[in-house]
Amino acid sequence: SWAARELGISRDELEDRIVPDLGFDERMERSFDYGSRRFKVILTPTLELQVFDEEGKKLKSLPAPGKRDEAEKAQAASGEFKLLKKQLKTVVSNQKLRLEQALSAERRWPVEKWRALFVENPVMHQFAM
């Protein structure tokens, strides 16, 4: 691809560099702020999302914004969560296919590049395990 040539790297290396982390931190967590309430979303080892309230109670999903929430913040957070669910599904599907191709081609990564892709990226970390 043009971008890979411009950077002087292979297409595979470019694809490694652009894998999104979907906003998760190194603890596999992401926060959603409703103004009056905050929720923690964790990316599990099975690449599923778990939602917890501020007391640490596990919820089935991110709740709908309520009357006591800051409307704009809550609507934005709720929209981000819906988008996150779609993005996660797409990223996981794409990366599974890419890694199947890499395995069948017996692709190898230098240690520092493997660490950057599979250890530092929360989404890819799950594949490394």
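User: Where is Glu 29 found, and what makes people call Glu 29 buried?

Analyst: In this predicted model, Glu 29 is found in strand β1. The label "buried" is for residues under 20% relative accessible area. Glu 29 has 17%. That value is under 20%, so Glu 29 counts as buried.

User: Which residues is Glu 29 in contact with, leaving aside its neighbours within four places in sequence?

Analyst: Gly 23, Phe 24, Lys 40, Val 41 and Ile 42. To be on that list, a residue needs heavy atoms within 4.5 Å of those of Glu 29.

User: And Ile 18, is that one buried or exposed, and how do you know?

Analyst: Run the same kind of check. The bar for "exposed" is over 50%, and Ile 18 comes in at 57% relative accessibility. Since 57% is over 50%, Ile 18 counts as exposed. You'll find Ile 18 in the loop between α2 (11–17) and β1. Also have a look at Leu 117: it sits 99 residues from Ile 18 along the chain, yet the C-alpha atoms of the two are separated by 9.5 Å.

User: Why are β1 and β2 called a pair, and in which sense do they run?

Analyst: Pairing takes at least two bridges between the strands. Strand β1 (residues 29–33) and strand β2 (residues 38–43) have five bridges, so they pass the test. The sense is antiparallel. You can pick out partners across the two strands: Ser 31 is bridged to Lys 40, Phe 32 to Phe 39, and Arg 30 stands opposite Val 41.

User: How many residues lie between β1 and β2 in their hairpin, and what about phi in the turn?

Analyst: Four residues lie between them, and Gly 35 in the turn has a positive phi of about 90°.

User: What makes β2 and β3 a pair?

Analyst: Here the count is four bridges, again antiparallel, with β3 covering residues 49–52. Four meets the "at least two" rule, so the name fits. One of the bridges joins Val 41 to Val 51. These two strands form a hairpin as well, with five residues between them. In that turn, Leu 47 has a positive phi of about 60°.

User: What order do the strands take in the open sheet, and why do β1 and β4 count as edges?

Analyst: The order is β1-β2-β3-β4, with antiparallel pairing. β1 and β4 (58–59) each have a single partner strand, so one side of each is left without a neighbour in the sheet. That's what puts them at the edges.

User: Zooming out, what elements does the chain have, and how do they run?

Analyst: There are five helices and four strands. From the N terminus on, they go α-α-β-β-β-β-α-α-α.

User: How does the radius of gyration of the chain sit against a compact globule of 129 residues?

Analyst: A compact globule of that length would be near 14 Å, but this chain has 17 Å, so the value is above the globule rule. The C-alpha atoms fill a box of roughly 55 × 30 × 20 Å along the principal axes.

User: What share of the chain counts as buried?

Analyst: It's 33% of the 129 residues. The accessible surface comes to about 8,800 Å², and 51% of it belongs to carbon and sulfur atoms.

User: How many positive and negative side chains are there?

Analyst: There are 24 positive and 22 negative ones, and the centres of the two sets lie 5 Å apart.

Definitions and conventions: Residues are numbered from 1 along each chain as its sequence is written. This is a predicted model: local features need pLDDT of at least 70, side-chain atom pairs count only at pLDDT 80 or more; totals for chains, interfaces and linings use all residues. Side-chain values use heavy atoms; hydrogens and water are left out. Buried means under 20% relative accessible area, exposed over 50%, partly exposed in between (1.4 Å probe, protein chains only). The radius of gyration is taken over C-alpha atoms; the globule rule is 2.2 Å times the number of residues to the power 0.38. Accessible areas come from the Shrake-Rupley method with a 1.4 Å probe; for residues, only the protein chains shown count as cover. Lys and Arg count as positive and Asp and Glu as negative; His and the chain ends are not counted. The place of a charge is taken as NZ of Lys, CZ of Arg, CG of Asp or CD of Glu.
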